[in-house]
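Q: Please take a close look at how two neighbouring helices pack in this model, and set that packing in its wider context.

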Amino acid sequence: MSIFLEKRAQSSRLLSALVPLLAIILALLIGAIIIALSGTNPWEAYREMFVGAFGSGYALSETMVKTIPLILCSLGVGIAFRATLWNIGAEGQLYMGAFAAGGIALAFPQGQGWWLIPLMVLASLVGGALWGLIPGFLKAKLNVNEIITSLLLNYVAILWFQYWIYGPWKDPLGYGFPYTAPFGEGAWLPTLAGTRIHLGLAFAVLAALFLYFLLKSTRVGYEIRIIGENPQAARYAGMNIPGTILLVFAISGGLAGLAGMGEVSGVIHRLQPAISPGFGYTAIIIAWLARFNPWLTIAVSFLFGGLLVGGYSLRAFGLSDSLVLILQGLILFLLLGGDILTRYSLRWKRSRA
Amino acid sequence: MTWEIVLATLAAAIKAGTPILYATLGEILAERTGILNLGLEGMMLIGALTGFLICSMSNDPWLGVLAAIISGGLLAMIHAFLTITLRAQQVVSGLALTMFGMGLSGFLGKVVIGVPISSYFRPFDFPFLSQIPFIGEVFFHQDALVYISYLLIPILSFWIYRTRPGLHMRAVGENPATADAMGISVSGIRYLYTFLGGCLAGLGGAYLSLAYTPVWLENMVAGRGWIAIALVIFASWDPFKALLGSYLFGLVDAVQFRAQALGLAVPSFFLNMTPYVATILVLVFATRETARRHLGAPAALGLPFAREEKT
């Protein structure tokens, strides 16, 4: 007996709407089995996660805080996907953006000028973009596999970031802890009254708008889409493919860099060895789940922000928040499998014809 | 004195290169049939954890290795089912595998972080061969898993290039439609080698937790899976060149580690970067070489195969 696929005459509309939802539900069910096997009541663990993420005004605001970097990173990864480029390096680009913005903030500890925040934003965009341009350049000019290079650069970026915190930028008044001095208040992004939701949210929404219009109504956006959908045609049409690859990586890296700025300027207010629980990796799933649509990206990011925040509540049960990564992996598996079922139907066959 | 340091560094390079070597060989098997599995990092982590857990329970490192091999293979079957049967996007499925493996190993391994084990793979003098000057000291004062990897290289090479099943495997990776017409089961062969590739990745992971640093640490594979994926390109899908590449990386690792121990003026952060930077440089070089000498990847790498859609 074997399983084979039969192409549907028409891809199922209903299924393609249902698949992401089903993927998440099924992933939670499989996750429940894993939790149960580790000796915890899965229902209680999930309830704790849900309450921790969405159950109160405070929880919702914390979820929103995590949503901000997720939106920015996912938009970056998503635009690369649109051009069938794989930017697995958002994590490192985020760190480089935070490094650049943090450098500016530390250079002006008393800085109260209106220009400080815009300068930090600019620095983070440039820092992330330059870091993204390394795999972009290697891909565009030498056709080096960007998946591997962008991923390996994450390790390099984080080590670079940590060198500065453990070394030259360590706070002399910090009792030897690996932190930089706190930023001056002029380098703090304003927050929404009573919460930690910061101005980065506006950046994220603006970035979504920017990408939406870029893809929809500019020549560059058109070229990005064509290169993604039909590179052969793009080549015949004489499009500048290497140039577009560079541009895509610069935008993608810049957005991740901006996410890093938001974290250090809006939330942490200084630099510390770890500033991201893997936003750049989660972004890959979000981009895929949102099918690279900028608006859906915002909604899905909120969901995954909740998953991250909910994950912290698991510690109360003595469970590792690695469960969040498990769920993310499962969602991606199920989504991939489910995607196929919208285009094909599964048939069982007793023996090979 | 200095000579001894050189010998010790080279011996350490072999040790550091071995987990990468196993993973690279595994990926070569899968990619030779057209299946790109970016889940190496996840499979290595699961292998490292399973090996460690089973060994600490049974006190038998061999049982640990066996469990690691099986767990790596089983994890690879998820990728196989998604990409072969369901024809899903191979890159995304591999990334999902890595996340899943990272999460699962972190989740299940929490209780044994840093716990020491009493039995693990210790180096021993290989009879006779260890007496050879230089070669003996570098290559034959190692542990059993290193000796097995020496054997595995010629076996895999012979298998791939000189046997009928090896021919079928390459046919499936180069031209699945023709292989199918010849009556070879494309799916069957892809399943088989994706599974075996996962087994070897699991073994590579277990090398880390049962021989290299006999302990379990979260994310202890530390990017070696990704380095291995890059090395497959460097090796142009050839087991012997995989050996060369892996030991080169072992050497980078061993030298930077020794430099840290000697308290070199360069901050450890920069020394820790060297394996990743070196991998990128090697990848750039290898990409240019493969393009120049037409040593392309298996032609069907990354592409699903569907018989009924042929025209």
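**Helix packing in chain A**

A: In this predicted model, buried residues make up 52% of the 353 residues in chain A. Chain A contains 13 helices and two strands. Its radius of gyration is 22 Å, close to the 20 Å given by the globule rule for 353 residues, so chain A is as compact as a globular protein of that length. The C-alpha trace of chain A spans about 75 × 60 × 35 Å along its principal axes. Of the contacts in chain A between residues at least 6 apart in sequence, 79% join residues at least 24 apart.

The pair examined here is helix α5 (residues 116-142) of chain A and helix α6 (residues 146-166) of chain A, whose axes lie 9 Å apart at an angle of about 150 degrees. Because angles over 145 degrees count as roughly antiparallel, α5(A) and α6(A) are roughly antiparallel to each other. The crossing of α5(A) past α6(A) is right-handed. On the α5(A) side, the contact is made by A:Trp131, A:Ile134, A:Pro135, A:Leu138 and A:Lys139; α6(A) contributes A:Glu146, A:Thr149, A:Ser150, A:Leu153 and A:Ala157. By class, the residues of this contact comprise six nonpolar, two polar and two charged.

Beyond the helix pair, the contact between the chains takes 36 residues from chain A and 40 residues from chain B. On the side of chain B that touches chain A, two or more residues each come from α3 (61-85), α4 (90-108), α10 (224-234) and α12 (268-292) of chain B. The largest share, 13 residues, belongs to α12(B). That side of chain B has 28 nonpolar, nine polar and three charged residues.

Notes: Residues are numbered from 1 along each chain as its sequence is written. Chains are lettered from A and ligands numbered from 1 in the order in which they are written. This is a predicted model: local features need pLDDT of at least 70, side-chain atom pairs count only at pLDDT 80 or more; totals for chains, interfaces and linings use all residues. Two residues are in contact if their C-beta atoms, placed from the backbone, lie within 7 Å. Helices (H or I, at least four residues) and strands (E, at least two) are DSSP runs, numbered from the N terminus. Ala, Val, Leu, Ile, Met, Phe, Trp, Tyr, Cys and Pro count as nonpolar, Asp, Glu, Lys and Arg as charged, and the others, Gly among them, as polar. Axes are lines fitted to C-alpha atoms, for helices over the stretch in contact, and angles run from 0 to 180 degrees between N-to-C directions. Angles under 35 degrees count as roughly parallel, over 145 as roughly antiparallel, 65 to 115 as roughly perpendicular and the rest as oblique. A crossing is left-handed if the near helix is turned anticlockwise from the far one by less than a right angle, and right-handed if clockwise. The radius of gyration is taken over C-alpha atoms; the globule rule is 2.2 Å times the number of residues to the power 0.38. A residue is buried if 20 or more other C-beta atoms lie within 10 Å of its own, exposed if 12 or fewer, and partly exposed in between; C-beta atoms are placed from the backbone.
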